[in-house]
Amino acid sequence: MGLFDSLRSVLGISAESDATTRADPDDLFGMSTAYLTMEADLGFDSADEAALCFSSVDSTDFADTVDSVEAILSAGSEETGTEFKRHTDEHGYNWVVLTDDDPEDLVTSVHFAADEFIERGYGSRLLAALFGFRKGGDRAYWIYSFRRGAYYPFSPQSTSKRNQKLEFKLESVLDGELEIEDDEGYWYPLWPSTPDGHPWE
(Lines give C-alpha, C1' and ligand atoms only; values in the text may rest on other atoms or scores of the structure.)
Protein backbone atom coordinates (compact mmCIF):
# COMPACT_ATOMS: atom_id res chain seq x y z
CA MET A 1 0.00 0.00 0.00
CA GLY A 2 3.03 2.32 0.19
CA LEU A 3 2.85 3.09 -3.51
CA PHE A 4 -0.80 4.01 -3.36
CA ASP A 5 -0.41 6.00 -0.16
CA SER A 6 2.13 8.11 -2.06
CA LEU A 7 -0.29 8.33 -4.95
CA ARG A 8 -2.91 9.79 -2.65
CA SER A 9 -0.45 12.45 -1.54
CA VAL A 10 0.83 13.32 -5.00
CA LEU A 11 -2.43 13.44 -6.92
CA GLY A 12 -4.65 14.66 -4.14
CA ILE A 13 -6.94 11.82 -3.12
CA SER A 14 -7.77 12.81 0.44
CA ALA A 15 -10.57 14.34 2.46
CA GLU A 16 -12.80 16.88 0.75
CA SER A 17 -11.51 19.59 3.08
CA ASP A 18 -7.95 18.96 1.90
CA ALA A 19 -8.65 20.24 -1.62
CA THR A 20 -6.47 23.25 -2.46
CA THR A 21 -7.39 23.80 -6.11
CA ARG A 22 -10.59 23.56 -8.05
CA ALA A 23 -10.70 20.75 -10.57
CA ASP A 24 -11.38 22.11 -14.05
CA PRO A 25 -12.84 19.55 -16.45
CA ASP A 26 -12.49 21.99 -19.34
CA ASP A 27 -8.76 21.19 -19.30
CA LEU A 28 -9.70 17.78 -20.67
CA PHE A 29 -10.69 19.27 -24.02
CA GLY A 30 -7.00 19.81 -24.75
CA MET A 31 -6.82 16.11 -25.51
CA SER A 32 -8.99 16.59 -28.60
CA THR A 33 -6.11 18.12 -30.56
CA ALA A 34 -3.46 16.12 -28.69
CA TYR A 35 -4.84 12.94 -30.25
CA LEU A 36 -4.21 14.42 -33.70
CA THR A 37 -0.67 15.51 -32.79
CA MET A 38 0.16 12.14 -31.26
CA GLU A 39 -0.80 10.46 -34.53
CA ALA A 40 0.58 12.97 -37.04
CA ASP A 41 3.86 13.84 -35.31
CA LEU A 42 4.63 10.71 -33.29
CA GLY A 43 2.80 7.86 -35.01
CA PHE A 44 0.76 6.94 -31.94
CA ASP A 45 -2.82 5.78 -32.44
CA SER A 46 -5.55 5.97 -29.86
CA ALA A 47 -5.84 2.84 -27.73
CA ASP A 48 -9.61 3.38 -28.03
CA GLU A 49 -9.87 3.54 -24.23
CA ALA A 50 -9.79 6.23 -21.57
CA ALA A 51 -10.56 6.20 -17.87
CA LEU A 52 -11.48 8.38 -14.92
CA CYS A 53 -10.18 7.44 -11.48
CA PHE A 54 -11.77 8.65 -8.24
CA SER A 55 -12.04 7.82 -4.57
CA SER A 56 -15.36 7.18 -2.91
CA VAL A 57 -17.24 8.64 0.03
CA ASP A 58 -19.41 6.50 2.25
CA SER A 59 -22.60 8.48 1.82
CA THR A 60 -25.93 8.17 0.09
CA ASP A 61 -25.40 11.46 -1.71
CA PHE A 62 -22.13 10.28 -3.22
CA ALA A 63 -23.73 7.01 -4.30
CA ASP A 64 -26.46 9.06 -5.97
CA THR A 65 -23.76 11.11 -7.71
CA VAL A 66 -22.13 7.98 -9.12
CA ASP A 67 -25.55 6.80 -10.31
CA SER A 68 -26.04 10.16 -12.00
CA VAL A 69 -22.67 9.85 -13.74
CA GLU A 70 -23.63 6.43 -15.04
CA ALA A 71 -26.98 7.76 -16.25
CA ILE A 72 -25.24 10.55 -18.17
CA LEU A 73 -22.82 8.11 -19.77
CA SER A 74 -25.65 5.72 -20.64
CA ALA A 75 -27.55 8.52 -22.35
CA GLY A 76 -24.42 9.57 -24.21
CA SER A 77 -23.68 6.04 -25.34
CA GLU A 78 -26.96 5.94 -27.26
CA GLU A 79 -25.74 8.86 -29.36
CA THR A 80 -22.01 8.14 -29.66
CA GLY A 81 -21.76 4.40 -29.07
CA THR A 82 -19.23 4.95 -26.28
CA GLU A 83 -19.25 1.92 -24.00
CA PHE A 84 -18.39 2.22 -20.34
CA LYS A 85 -17.94 0.10 -17.26
CA ARG A 86 -17.18 0.86 -13.63
CA HIS A 87 -15.16 -1.16 -11.18
CA THR A 88 -13.16 -0.86 -7.95
CA ASP A 89 -9.57 -2.06 -8.04
CA GLU A 90 -7.73 -4.03 -5.38
CA HIS A 91 -6.52 -0.81 -3.74
CA GLY A 92 -10.02 0.56 -3.32
CA TYR A 93 -9.91 3.11 -6.12
CA ASN A 94 -12.88 3.49 -8.43
CA TRP A 95 -12.67 3.63 -12.20
CA VAL A 96 -15.00 4.59 -14.99
CA VAL A 97 -13.51 3.01 -18.12
CA LEU A 98 -14.69 4.15 -21.55
CA THR A 99 -14.23 2.44 -24.92
CA ASP A 100 -14.73 4.11 -28.30
CA ASP A 101 -12.78 4.22 -31.57
CA ASP A 102 -13.51 7.95 -31.84
CA PRO A 103 -11.11 9.92 -29.58
CA GLU A 104 -13.42 12.92 -29.56
CA ASP A 105 -16.16 10.82 -28.00
CA LEU A 106 -13.75 9.59 -25.33
CA VAL A 107 -12.75 13.13 -24.41
CA THR A 108 -16.36 14.29 -24.29
CA SER A 109 -17.48 11.35 -22.16
CA VAL A 110 -14.66 11.77 -19.64
CA HIS A 111 -15.49 15.47 -19.46
CA PHE A 112 -19.19 14.80 -18.84
CA ALA A 113 -18.35 12.35 -16.04
CA ALA A 114 -15.82 14.64 -14.36
CA ASP A 115 -18.09 17.67 -14.67
CA GLU A 116 -20.94 15.84 -12.93
CA PHE A 117 -18.71 14.97 -9.96
CA ILE A 118 -17.64 18.59 -9.70
CA GLU A 119 -21.15 20.02 -10.07
CA ARG A 120 -22.33 17.71 -7.29
CA GLY A 121 -19.55 18.93 -4.98
CA TYR A 122 -17.15 15.99 -5.28
CA GLY A 123 -14.39 17.48 -7.42
CA SER A 124 -11.79 16.77 -4.74
CA ARG A 125 -12.54 13.06 -5.11
CA LEU A 126 -11.31 13.04 -8.69
CA LEU A 127 -7.83 11.58 -8.96
CA ALA A 128 -6.92 11.50 -12.63
CA ALA A 129 -8.12 11.08 -16.18
CA LEU A 130 -6.11 8.73 -18.39
CA PHE A 131 -6.00 8.61 -22.18
CA GLY A 132 -4.30 5.64 -23.82
CA PHE A 133 -2.14 5.44 -26.95
CA ARG A 134 -0.24 2.70 -28.78
CA LYS A 135 2.47 2.41 -31.41
CA GLY A 136 3.70 -1.06 -32.19
CA GLY A 137 4.91 -2.47 -28.90
CA ASP A 138 4.99 0.90 -27.16
CA ARG A 139 2.22 2.08 -24.87
CA ALA A 140 1.77 5.60 -23.62
CA TYR A 141 -0.74 7.55 -21.57
CA TRP A 142 -1.45 11.15 -21.01
CA ILE A 143 -2.56 11.50 -17.40
CA TYR A 144 -4.42 14.56 -16.19
CA SER A 145 -4.04 15.25 -12.46
CA PHE A 146 -7.06 17.10 -11.14
CA ARG A 147 -5.16 18.25 -8.06
CA ARG A 148 -2.25 19.64 -10.07
CA GLY A 149 -4.38 20.89 -12.97
CA ALA A 150 -1.87 19.56 -15.48
CA TYR A 151 -1.01 16.63 -17.72
CA TYR A 152 2.03 14.38 -17.72
CA PRO A 153 3.12 11.48 -19.94
CA PHE A 154 3.49 7.93 -18.69
CA SER A 155 4.86 4.99 -20.69
CA PRO A 156 4.97 1.70 -18.77
CA GLN A 157 7.15 -1.11 -20.11
CA SER A 158 6.12 -3.57 -17.40
CA THR A 159 4.53 -3.44 -13.96
CA SER A 160 7.49 -1.51 -12.53
CA LYS A 161 9.57 -0.06 -15.39
CA ARG A 162 8.82 3.00 -17.48
CA ASN A 163 10.18 4.36 -20.77
CA GLN A 164 11.36 7.78 -19.62
CA LYS A 165 13.05 8.54 -22.95
CA LEU A 166 9.67 8.27 -24.66
CA GLU A 167 7.98 10.29 -21.92
CA PHE A 168 10.40 13.18 -22.43
CA LYS A 169 9.84 12.99 -26.19
CA LEU A 170 6.08 13.19 -25.68
CA GLU A 171 6.58 16.19 -23.41
CA SER A 172 8.75 18.00 -25.95
CA VAL A 173 6.21 17.53 -28.76
CA LEU A 174 3.04 18.33 -26.79
CA ASP A 175 4.46 21.13 -24.63
CA GLY A 176 2.42 24.23 -25.39
CA GLU A 177 -0.51 22.22 -26.70
CA LEU A 178 -1.24 20.66 -23.31
CA GLU A 179 -0.72 22.20 -19.89
CA ILE A 180 2.12 19.88 -18.86
CA GLU A 181 3.27 19.42 -15.26
CA ASP A 182 6.68 21.12 -15.10
CA ASP A 183 7.79 19.33 -11.93
CA GLU A 184 8.80 15.84 -13.01
CA GLY A 185 8.51 14.71 -9.40
CA TYR A 186 4.75 14.73 -9.99
CA TRP A 187 4.94 12.48 -13.06
CA TYR A 188 3.71 9.69 -10.86
CA PRO A 189 3.43 6.17 -12.35
CA LEU A 190 0.10 4.36 -12.38
CA TRP A 191 1.44 0.87 -12.88
CA PRO A 192 -0.69 -1.78 -14.60
CA SER A 193 -1.18 -4.98 -12.64
CA THR A 194 -0.01 -7.07 -15.63
CA PRO A 195 2.84 -6.30 -18.09
CA ASP A 196 0.48 -5.76 -21.03
CA GLY A 197 -2.47 -4.37 -19.09
CA HIS A 198 -3.81 -0.88 -18.59
CA PRO A 199 -3.49 0.94 -15.23
CA TRP A 200 -7.26 0.69 -14.78
CA GLU A 201 -7.42 -3.08 -15.20
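**Exercise 1.** Determine how confident the predictor is over residues 12-20.

*Solution.* The structure is a predicted model. Over residues 12-20, pLDDT stays under 50, and the model has 23 contacts beyond four places in sequence for this stretch. Residues 1-6 also have pLDDT under 50, with 6 contacts beyond four places in sequence. For the protein chain as a whole, the average pLDDT is 88, and 89% of the residues score at least 70.

**Exercise 2.** Establish which residues of helix H3 are buried and how they are arranged about its axis.

*Solution.* Begin with the extent of the helix: H3 covers residues 60-80 and reaches 30 Å from its first C-alpha to its last, close to the 30 Å expected. Its buried residues are Phe62, Thr65, Val66, Ser68, Val69 and Leu73. Viewed down the axis of H3, these buried residues fall within an arc of 155 degrees, so they line one face of the helix. The face turned away from the buried side carries the exposed residues Thr60 and Glu78. Finally, the buried residues pack against strands S1 (45-54), S2 (83-88) and S3, and against helix H4 (103-119). Just after H3, Gly81 takes a positive phi of about 85 degrees.

**Exercise 3.** Decide whether Leu98 is buried or exposed, and describe its surroundings.

*Solution.* Leu98 is placed in strand S3 (residues 94-99). Its relative accessible area is 2%. Buried means under 20%, and Leu98 is therefore buried. Beyond its neighbours within four places in sequence, its contacts include Leu73, Phe84, Leu106 and Val110. Leu98 and Ala51 lie 47 residues apart in sequence, yet 5.9 Å apart in space, C-alpha to C-alpha.

Methods. Residues are numbered from 1 along each chain as its sequence is written. This is a predicted model: local features need pLDDT of at least 70, side-chain atom pairs count only at pLDDT 80 or more; totals for chains, interfaces and linings use all residues. Side-chain values use heavy atoms; hydrogens and water are left out. pLDDT is the predictor's confidence in each residue, from 0 to 100. Contact means heavy atoms within 4.5 Å. Helices (H or I, at least four residues) and strands (E, at least two) are DSSP runs, numbered from the N terminus. Buried means under 20% relative accessible area, exposed over 50%, partly exposed in between (1.4 Å probe, protein chains only). The expected span of a helix is 1.5 Å times one less than its number of residues. The arc is that of the directions from the helix axis to the C-beta atoms.
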